[in-house]
Protein chains: 2
Amino acid sequence: MEDLRDDRDSWSSENCSVARAMDIVGSRSTVLIMREALLGTRRFDDFVRRVGVGEPAMAARLKDMVAADLLERIPYREPGQRTRHEYQLTRKGRELLPVITALRNWGDTWAADDAGPSVVATHHDCGQPVRAVLRCAAGHEIEDGDIDIAAGPGLIRRG
Amino acid sequence: MEDLRDDRDSWSSENCSVARAMDIVGSRSTVLIMREALLGTRRFDDFVRRVGVGEPAMAARLKDMVAADLLERIPYREPGQRTRHEYQLTRKGRELLPVITALRNWGDTWAADDAGPSVVATHHDCGQPVRAVLRCAAGHEIEDGDIDIAAGPGLIRRG
DNA sequence: AAGCTGACTTGCCTTTGCGCAAGTCAGCAT
DNA sequence: ATGCTGACTTGCGCAAAGGCAAGTCAGCTT
């Protein structure tokens, strides 16, 4: 199997999924909002308090994220209250869980303070800690970056 | 097992590994430099060309990343050439592979153009595509975010 | 009708990231 | 000694992100 790393300059990164993903979820506050959303937060003022950004920034970020289809703005009504809106994760947003988990794992290992990490994700069924790991479609676990880079259908070659 | 999501306001996110990770690798260009570094790029002008940022920005980013211990600046000497420096991944940097892979997977699914993704990571041994998946320490694969959030040693409670 | 409150918006200012163009600097080749 | 080249640095200027303070607005409660 050809490994595209062997001739890195023969293809461009114009159509790069990493870059496209970063264009959508690349800012610190967007990631922290996703962290909170995945923990169950839905209301504006809860996001403001728990993420720790100001209201103007939060309003702008949430608007962007709804436009990007990470969150959906949904009206709801508590008894005796007026209609409000909450921000629910879409499937597109929920599928960022491996990204957030991988980031949390890395931060736990390389950037935690002396006390250790504040929270740990655990498997509901068995209580064991959860990690983002690399696995191939045949079910093999990937050891130490034992991967090749193969051409996808959207590859732009040059030269 | 207690699930901390049930009382989200009883603990703070001051010591959050996701936020700490984002403080280090939170910018678009840092992630794209990591993408290239994981593809094998090491030299300054290769980074500039392949990532697509200008020299001043690249110099600043690389300096930050060396200071953050993601990259190491190492002198080398090709025969007949003067001494130069290259940027090699540290272990800390290399362990961002699951983060980059998770981002790439997500981008492939949710942000690729019509043609599809440009590159696919494959398992060297079997050629099957590689994905970042969630797995617990007991070996169970996590279905659909079937996780709890448990207290870690560094948790800051309040109230 | 007046008040309250959650959810924003507006205005202003600072910081950070990045682009472009030009300048610098080290040290091998000639 | 001069030139060349890779690897930067310097000096602009712009745009986006975010903080703070204050204003707005809808609609349920009283």
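This is a short walk through a predicted model, from the contact between two protein chains to a DNA strand and a few backbone details.

Let's start where chains A and B meet. The contact draws 81 residues from chain B and 81 residues from chain A. On the side of chain B that touches chain A, the elements giving two or more residues are α1 (17–25), α2 (28–38), α5 (91–94), α6 (97–110), β3 (119–123), β4 (130–136) and β5 (147–151) of chain B. Of these, α6(B) makes the largest contribution to that side, with 13 residues. Sorted by class, the side of chain B that touches chain A holds 44 nonpolar, 20 polar and 17 charged residues.

Strand pairing also links the two chains. Strand β4 (residues 130–136) of chain A runs antiparallel to β4(B), and seven bridges join them. If you would like a pair to click on, A:R135 has B:R131 in β4(B) as its bridge partner.

Now turn to DNA strand D. There are 21 residues around DNA strand D, and A:S29, A:G54, A:G80, A:R82 and B:A59 come nearest. Both chains take part: α2 (28–38) and α4 (55–67) of chain A, along with α3 (44–52), α4 (55–67) and β2 (83–89) of chain B, each supply at least two residues of the surface near the strand. The largest share there is four residues, and it comes from α4(A). By class, the surface near DNA strand D is made up of eight charged, seven polar and six nonpolar residues.

One of the elements just named, β2(B), belongs to a hairpin. Its partner is strand β1 (residues 71–77) of chain B, which runs antiparallel to β2(B) and is joined to it by seven bridges. Within this pairing, B:I74 stands opposite B:E86 in β2(B). Five residues lie between the two strands of the hairpin, where B:G80 adopts a positive phi near 75°.

Positive phi values also turn up outside glycine. In chain A, A:D69 has a positive phi of about 65° although it is not a glycine, and A:D69 sits in the loop between α4 and β1 (71–77) of chain A. Chain B offers B:D69, with a positive phi near 65°, in the loop between α4 and β1 of chain B.

Are these aspartates buried or exposed? A:D69 counts as partly exposed because it has 13 C-beta neighbours inside 10 Å. B:D69 likewise has 13 C-beta neighbours inside 10 Å, so B:D69 is partly exposed too.

Notes: Residues are numbered from 1 along each chain as its sequence is written. Chains are lettered from A and ligands numbered from 1 in the order in which they are written. This is a predicted model: local features need pLDDT of at least 70, side-chain atom pairs count only at pLDDT 80 or more; totals for chains, interfaces and linings use all residues. A residue is near a molecule or strand if its C-beta atom, placed from the backbone, lies within 6 Å of it. Ala, Val, Leu, Ile, Met, Phe, Trp, Tyr, Cys and Pro count as nonpolar, Asp, Glu, Lys and Arg as charged, and the others, Gly among them, as polar. Two strands pair if DSSP finds at least two bridges between them. Two residues are in contact if their C-beta atoms, placed from the backbone, lie within 7 Å. A residue is buried if 20 or more other C-beta atoms lie within 10 Å of its own, exposed if 12 or fewer, and partly exposed in between; C-beta atoms are placed from the backbone.
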